[in-house]
There are 2 protein chains.
Amino acid sequence: MTLDVRVVVFSLREDALIALLVPISGGKWELPGSGVMPEESLEEAAGRAISPHIDRRQAHLEQLYTYGDPQRNPSSRQVSVVYFALVHMDAVRISVDIAKLWFRVDQLPPLVFDHPDIVRYALRRLRYKLEYSAAGFQLLPDEFTLSELQHTYEIILGETLDKRNFRRRILEAGIIVETPHLRSGEGRPARLYRYRADAMAEVKARRLFP
Amino acid sequence: MTLDVRVVVFSLREDALIALLVPISGGKWELPGSGVMPEESLEEAAGRAISPHIDRRQAHLEQLYTYGDPQRNPSSRQVSVVYFALVHMDAVRISVDIAKLWFRVDQLPPLVFDHPDIVRYALRRLRYKLEYSAAGFQLLPDEFTLSELQHTYEIILGETLDKRNFRRRILEAGIIVETPHLRSGEGRPARLYRYRADAMAEVKARRLFP
DNA sequence: AGAATAGTGTCTCTCAGACATTATTTG
DNA sequence: CAAATAATGTCTGAGAGACACTATTCT
């Protein structure tokens, strides 16, 4: 009976949600994972599992579920404590990685065992989380525009949102605040916002999006 | 490194929420638990852990969280997959048990390790679950009156609820249905209701109680 | 000046919350 | 018929959702 941790890491590339996978022999892929060392916590093990690819200080890990069905790995009984994380691409270590280890969640390669189920469940939880919290900013850099944040929500939820209602609700939730900065580009420059570090509390009072 | 499962079992006695504990040496208590056998799933192990005390077919187990901090058990590294369950007293095996192994959740005896945290977290999740679902009926027998169900909610949430609003919302949720039966007692007989076995789907659309 | 994107306010309708009286049974 | 509990409907206010125009910059 072996125990390990696995991590479902989501990020955002252009117009799609992507997940980090690592190759194993036989053309198959798996979720990044690791055994648990005697002196470390499960969350630390999860951080270590992704640290070759991600700056772990920027990855908020959250425990998802523990999979331990005796049939999940036909060759050996394996229990996996699965975490999930949202990171923005600034936290991704540049190496062979980008475009080689990240896959759009709607175009995943063949995965081992029950890892497809795990990714599906993580995705469901991510959508659920977004509806009830302002967690979407974790996929963006420190400062971001409201249009970028709205775009993020639209990609993940798979539907378009009304701009005025989106702004009203996200601001009323009080989780992000204005910065003095603007971002210039094509068209009128946009106000930049950032996460309010003091209000770490989750907004579970009322769902933000339908 | 040992792996086990633990179960937080909640039930209802008179006017209080109670939890099942088992004694260990030294006057301390712990959550019922068990190792995991090679051919069984984690949930099966959890069912086996409580089967001396509970008719497991009547206990809906739900995975809560996996605790694995290296300091949680000072004498050996232990990872515990924790489940929680709601049962009604009809499912409790009559033996030495009742009144000896069940404790009001606000009057727990000394517990080992991080088990107090685990119970606290389970309680938080239970309250949260009740607000968003009609799970309260799991603490009642198959058939129950709306007053009994409301009473259950009031005990767990720790506040009184308006009778008309309670009925409206619980019935609109569509999770319980009328039976042809009535229960006589003091005062006007009350209609009995039961859980709608076909609609197992959780009501997460909108919170039922504030 | 035109193109591009940012930013803003109002109305309506639904649902949550507050609230009191009538109905049916037992002793 | 008194006591006990069950059952029922309405009004109001807040918030969700739909909706279109103005503001600022760049080329």
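Asp55(A) and Arg57(A) pair up in a salt bridge, with their closest N and O atoms 3.2 Å apart. The two ends of that bridge sit in contrasting surroundings: Asp55(A) is buried at 12% relative accessibility, whereas Arg57(A) is exposed at 73%. Keep in mind that this is a predicted model. Below is a quick tour of its salt bridges, the place where chains A and B meet, and the surface next to DNA strand D.

**Salt bridges**

- Some background helps here: side chains of opposite charge can pair when their charged atoms come close.
- Over all chains, the count comes to 26 salt bridges.
- Why does Asp55(A) count as buried? Its relative accessibility is 12%, and buried means under 20%.
- Arg57(A), its partner, counts as exposed because its relative accessible area is 73% and the exposed class starts over 50%.
- Glu62(A) and Lys129(A) make another salt bridge, and here the closest N and O atoms are 2.9 Å apart.
- That pair ties together distant parts of the chain, since Glu62(A) is in strand S6 (residues 60-67) of chain A and Lys129(A) is in helix H2 (residues 115-132) of chain A, 67 residues apart.
- Is Lys129(A) buried or exposed? Lys129(A) is buried, with a relative accessible area of 13%, while Glu62(A) is partly exposed at 29%.
- Over in chain B, Asp117(B) and Arg120(B) form a salt bridge with 2.8 Å from N to O.
- Asp117(B) and Arg120(B) share helix H2 (residues 115-132) of chain B and are three residues apart, which is about one turn of the helix.
- Asp117(B) is partly exposed at 40%, and Arg120(B) is exposed at 54%.
- Salt bridges can also share partners, and in that way Asp4(A), Arg6(A) and Glu30(A) join into one network.

**Where chain A meets chain B**

- On one side, 24 residues of chain A are in contact with 24 residues of chain B.
- The size of an interface is often given as the accessible area lost when the parts come together.
- For chain A and chain B, the buried area is about 1900 Å², with 53% of it on carbon and sulfur atoms.
- How many salt bridges are there between chain A and chain B? The count is zero.
- Polar contacts do turn up, though: seven residue pairs across the interface of chain A and chain B have one.
- On the side of chain A that touches chain B, S6, strand S7 (78-86) and H2 each supply at least two residues.
- S6(A) gives the most to that side, with four residues.
- By class, that side of chain A has 14 nonpolar, four polar and six charged residues.

**Next to DNA strand D**

- There are 22 residues around DNA strand D, and those that come nearest are Asn165(A), Arg169(A), Arg188(A), Pro189(A) and Arg191(B).
- Which part of DNA strand D is 2.4 Å from an N or O atom in the side chain of Arg169(A)? It is a phosphate oxygen.
- Ser147(B) also has a side-chain N or O atom by a phosphate oxygen of DNA strand D, at 3.0 Å.
- For Arg188(A), the partner is a base nitrogen of DNA strand D, 3.2 Å from an N or O atom in its side chain.
- Helix H4 (163-172) of chain A gives two or more residues to the surface near DNA strand D, and so do helix H4 (163-172) and strand S11 (190-195) of chain B.
- That surface has four nonpolar, five polar and 13 charged residues.
- Of the atoms of DNA strand D within 4 Å of the protein, 44% belong to sugar or phosphate, and the rest belong to bases.

Definitions and conventions: Residues numbered from 1 in each chain as written. Chains lettered and ligands numbered in written order. Predicted model: local features only at pLDDT ≥ 70, side-chain atom pairs only at ≥ 80, totals over all residues. Heavy atoms only, no water. Salt bridge = Lys/Arg side-chain N within 4 Å of Asp/Glu carboxyl O. Buried < 20%, exposed > 50% of the residue type's maximum accessible area, 1.4 Å probe, protein only. Contact = heavy atoms within 4.5 Å. Buried area = accessible area lost by both parts, 1.4 Å probe. Polar contact = N/O pair within 3.5 Å; in protein donor to acceptor, adjacent residues only side chain to side chain. Nonpolar A, V, L, I, M, F, W, Y, C, P; charged D, E, K, R; others polar. Near = heavy atom within 4 Å.
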